[in-house]
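The exercises below are meant to be worked with the sequence and the coordinates side by side. Each task is followed by a solution that goes step by step.

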Amino acid sequence: MADTAANAAGTARIATEVAYRANVAIESILLRDPRPVGNRRIADRATRSCIEITVRNHGATPAKEMSFEFHAAMPPYIEQPVSLVSKTAELHTHCSAISTFRPIGEMSGEFFKEADVNLFLDDLRIDGHIRYRDIFGNGYKVECSATFDPASWQFQLVTNVKSGM
């Protein structure tokens with residue numbers, strides 16, 4: 001009888017943690033042109049565009065100790081992957097955190113400074129992860145990779161969530 005009660009209590013605890021945990025995910029990765037809509041021109045669009053990453057907590061409780069780290073790579077234009085890091089103490093429920101990073105044109109090495117960025121956009125890739133804890137102390141890691149499609153001007157996302165950090 002005691003085993004049944006302990007099992008029921010354990011099952012109820014797990015169900016509560018699942019129902020009320022933080023659930024942070026990538027909402028979008030964009031290559032955003034910083035110019036106002038009326039002032040945009042196609043020339044140099046890729047060079048001046050910035051990588052913008054938005055994460056959102058879809059869960060019922062805040063995400064604690066949240067951080068993310070991504071690397072942008074675009075061989076050979078970006079010779080060494082560029083680190084994109086953000087830390088937030090807490091991300092409340094149904095809230096988003098947006099980080100915008102420097103323009104693609106500033107990420108290249110000296111050799112490619114004058115090169116046409118558009119030639120390399122097919123190779124633009126973002127890889128990284130988000131880490132956070134829920135209010136129950138459970139840790140999560142969301143792994144993400146994204147490749148850029150110049151024709152649609154959008155990233156194609158692939159994510160994987162793991163428990164434990």
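**Exercise 1.** Does Asp127 count as buried, partly exposed or exposed, and why?

*Solution.* The model is a predicted one, and the values that follow are computed from it. Begin with the location: Asp127 lies in strand 6, which covers residues 125–133. Next, take the cut-offs, by which a residue is buried under 20% relative accessible area and exposed over 50%, with partly exposed in between. Because its relative accessibility is 28%, Asp127 counts as partly exposed.

**Exercise 2.** Describe the surroundings of Asp127, both through its side chain and through residues further along the chain.

*Solution.* Start with the side chain, where Asp127 makes a polar contact of 2.9 Å with the side chain of Arg125. Then set aside the neighbours within four places in sequence; Asp127 is in contact with Glu69, Phe70, His71, Cys144 and Ser145. Finally, consider the backbone: Ala146 is 19 residues away from Asp127 along the chain, yet their C-alpha atoms are separated by 6.5 Å.

**Exercise 3.** Trace the pairing partners of strand 6 and name a facing residue pair for each.

*Solution.* On the one hand, strand 6 is joined by eight bridges to strand 3 (residues 63–74), the two running antiparallel, and in this pairing Lys64 stands opposite Arg133. On the other hand, strand 6 pairs with strand 7 (residues 139–149) over nine bridges, again in the antiparallel sense, and here Gly128 faces Cys144 of strand 7. The last step concerns the hairpin of strands 6 and 7, which has five residues between the strands and in which Gly137 takes a positive phi near 90°.

**Exercise 4.** What is the strand order of the open sheet of three strands, and which strands are at its edges?

*Solution.* The order is 1-2-5, with antiparallel pairing. Strand 1 (24–32) and strand 5 (96–103) are the edge strands, since each of them pairs on one side only. Neighbouring strands of this sheet are turned against each other by 15° on average, direction ignored. For a closer look at one pairing, strand 1 and strand 2 (residues 50–57) are antiparallel partners over eight bridges, and Ile26 stands opposite Val55 in strand 2.

**Exercise 5.** Classify the ring pair of Tyr132 and Tyr140, and place it among the other ring contacts.

*Solution.* The structure holds eight aromatic pairs. In the pair of Tyr132 and Tyr140 the ring centres are 5.3 Å apart and the planes stand at 25°, so the pair is stacked. Both of these tyrosines are buried. The ring of Tyr140 also has the charged end of Arg21 sitting over it, 4.4 Å from the ring centre. A comparable arrangement involves Trp153, whose ring lies under the charged end of Arg45 with 3.9 Å to its centre. Elsewhere, ring pairs link Tyr77, Phe111, Phe112 and Phe120 into a cluster.

**Exercise 6.** Is Asp33 buried or exposed, and which side chain does its own side chain meet in a polar contact?

*Solution.* Locate the residue before judging it: Asp33 is found in the loop between strand 1 and helix 2 (45–48). With a relative accessible area of 6%, Asp33 is buried. Its side chain is joined to that of Arg48 by a polar contact of 2.9 Å.

Conventions: Residues numbered from 1 in each chain as written. Predicted model: local features only at pLDDT ≥ 70, side-chain atom pairs only at ≥ 80, totals over all residues. Heavy atoms only, no water. Pairing = 2+ DSSP bridges. Helix = DSSP H or I, 4+ residues; strand = E, 2+ residues; numbered from the N terminus. Axes fitted to C-alpha atoms, helices over the stretch in contact; angles between N-to-C directions. Buried < 20%, exposed > 50% of the residue type's maximum accessible area, 1.4 Å probe, protein only. Contact = heavy atoms within 4.5 Å. Polar contact = N/O pair within 3.5 Å; in protein donor to acceptor, adjacent residues only side chain to side chain. Phe/Tyr/Trp six-rings, centres within 6.5 Å; stacked < 30°, edge-to-face > 60°. Lys NZ or Arg CZ within 6 Å of the ring centre and 35° of its normal.
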